[in-house]
Amino acid sequence: MQGKVEICGVNTAKLKVLKNEETMELLSRTKSGDQEARRMLIEGNLRLVLSVIQKFAGRGENADDLFQVGCVGLIKAIDNFDITQPVRFSTYGVPMIIGEIRRYLRDNSAIRVSRSMRDTAYKVLQVRERFLAENQREPTVEQIAKELDIPREEVVFAMDAIVDPVSLFDPVYADSGDTVCVMDQVRDTRNTDEHWIDRIALKEAVRRLSDREKRILSLRFYEGKTQMEVSAEVGISQAQVSRLEKGAINTIRKNL
């Protein structure tokens with residue numbers, strides 16, 4: 001998308017930039033029903049939409065589509081903005097634009113969630129947008145759960161289910177030219193190189209045991225049987241089971 005001058009036929013190099021005072025004046029006129037002011041307000045904030053969709057670059061989505069969806073979010077922000085609140089329009093508009101784009105990406109995602117979970121998520125988003133429009137701030141999970149009369153856990157699960165998937169190669173931050181990706185901060189503490197080597201060494205050490213020693217260890221530590229139970233199944237005394245068990249463990253330790 002970088003270097004592209006036109007999006008949806010709009011020359012991005014010539015997009016207008018409104019000052020906060022101009023924006024508030026146009027918003028006031030728009031609330032009074034001035035459609036020309038509304039048009040000027042939309043055109044004057046297209047650069048805001050452009051800056052938002054750049055955050056979604058690299059996902060394989062068409063920039064023109066994202067720009068159009070972002071414009072829908074911008075229009076919703078203009079229509080719902082409360083000019084009596086001491087909040088800059090961009091502070092309110094950016095989350096609205098992002099929300100509209102995320103909704104579009106979610107609906108067109110290859111990852112599917114259940115219909116009931118998606119319906120719950122839609123209701124949560126509706127309550128969130130309504131609360132944001134009325135109070136100019138994000139609602140808490142508890143407030144959303146109370147409004148919908150559902151458990152707090154359902155709100156959390158529903159929102160988690162529609163979160164955009166993150167690529168392991170997405171950059172987290174860049175410092176001194178060295179980009180750190182998500183995969184650099186994700187660690188599997190179980191399947192490490194050291195564990196793989198230990199498992200291979202253990203497997204090789206067990207392979208060197210006799211069949212009787214392997215069977216005794218299997219019965220004792222895989223099936224959880226007592227030495228008395230093992231002695232009855234193998235047909236030897238408990239003392240012999242204990243001696244063979246200790247001998248097999250010592251052999252494994254030496255081989256490791």
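## Exercises on a predicted model

At 53% relative accessibility, arginine 208 counts as exposed, and this residue returns in the third exercise below. The structure is a predicted model, with 12 helices and 4 strands in its chain.

**Exercise 1. Determine which face of helix α1 is buried and what the buried residues pack against.**

Step 1. Begin with the extent of the helix: α1 covers residues 20-31, which makes 12 residues, and its span from the first C-alpha to the last is 16 Å, close to the 16 Å expected at 1.5 Å a residue.

Step 2. List the buried residues of α1, which are Thr23, Leu26, Leu27 and Thr30. Looking down the axis of α1, one finds these buried residues within an arc of 105°, so they line one face of the helix. The spacing fits a general property: an α-helix has 3.6 residues a turn, so residues three or four places apart point the same way.

Step 3. Identify the partners of that face: the buried residues of α1 pack against α2 (35-44), α4 (63-80) and α5 (89-107).

Step 4. Finally, look past the end of the helix, where α1 is followed by glycine 33, a residue with a positive phi near 100°.

**Exercise 2. Decide whether threonine 120 and methionine 183 are buried, partly exposed or exposed, and describe the surroundings of each.**

Step 1. Locate threonine 120, which lies in helix α6 (residues 115-135).

Step 2. Apply the cut-off, by which buried means under 20% relative accessible area; because threonine 120 has 19% relative accessibility, this residue counts as buried.

Step 3. Find its neighbours: leaving aside residues up to four places away in sequence, threonine 120 touches Ile150, Glu154 and Ala158.

Step 4. Turn to methionine 183, placed in the loop between β4 (178-181) and α9 (193-207). Its relative accessibility of 40% makes methionine 183 partly exposed, and together with Leu168, Phe169 and Val186 it forms a nonpolar patch on the surface, with about 410 Å² of accessible area for the four together.

Step 5. Set these residues against the whole chain, in which 31% of the 256 residues count as buried, and which exposes about 16800 Å², with carbon and sulfur atoms supplying 50% of that area.

**Exercise 3. Examine the salt bridges of arginine 39, arginine 208 and lysine 225, giving the N to O distance and the exposure of each partner.**

Step 1. Recall the criterion, a side-chain nitrogen of Lys or Arg within 4 Å of a carboxyl oxygen of Asp or Glu, by which the count comes to 16 salt bridges.

Step 2. In the pair formed by arginine 39 and glutamate 43, the N to O distance is 2.7 Å. Because the two residues are 4 apart in helix α2, they are separated by about one helical turn. Arginine 39 is partly exposed at 37% relative accessibility, and glutamate 43 is partly exposed at 29%.

Step 3. For arginine 208 and glutamate 204, the closest N and O atoms are 3.8 Å apart; arginine 208 is exposed at 53%, whereas glutamate 204, at 31%, is partly exposed.

Step 4. Lysine 225 and glutamate 223 meet at 3.6 Å, N to O, with lysine 225 partly exposed at 22% relative accessibility and glutamate 223 partly exposed at 49%.

Step 5. Beyond these pairs, look for linked bridges: Lys76, Glu100, Arg103 and Glu129 are joined in a network of salt bridges.

Methods:
Residues numbered from 1 in each chain as written. Predicted model: local features only at pLDDT ≥ 70, side-chain atom pairs only at ≥ 80, totals over all residues. Heavy atoms only, no water. Buried < 20%, exposed > 50% of the residue type's maximum accessible area, 1.4 Å probe, protein only. Contact = heavy atoms within 4.5 Å. Areas by Shrake-Rupley, 256 points an atom, 1.4 Å probe, with all protein chains shown as cover. Patch = residues over 30% accessible without salt bridge, like charges linked within 9 Å, V, L, I, M, F, W, Y side chains within 5 Å. Expected span 1.5 Å × (residues − 1). Arc of directions from axis to C-beta.
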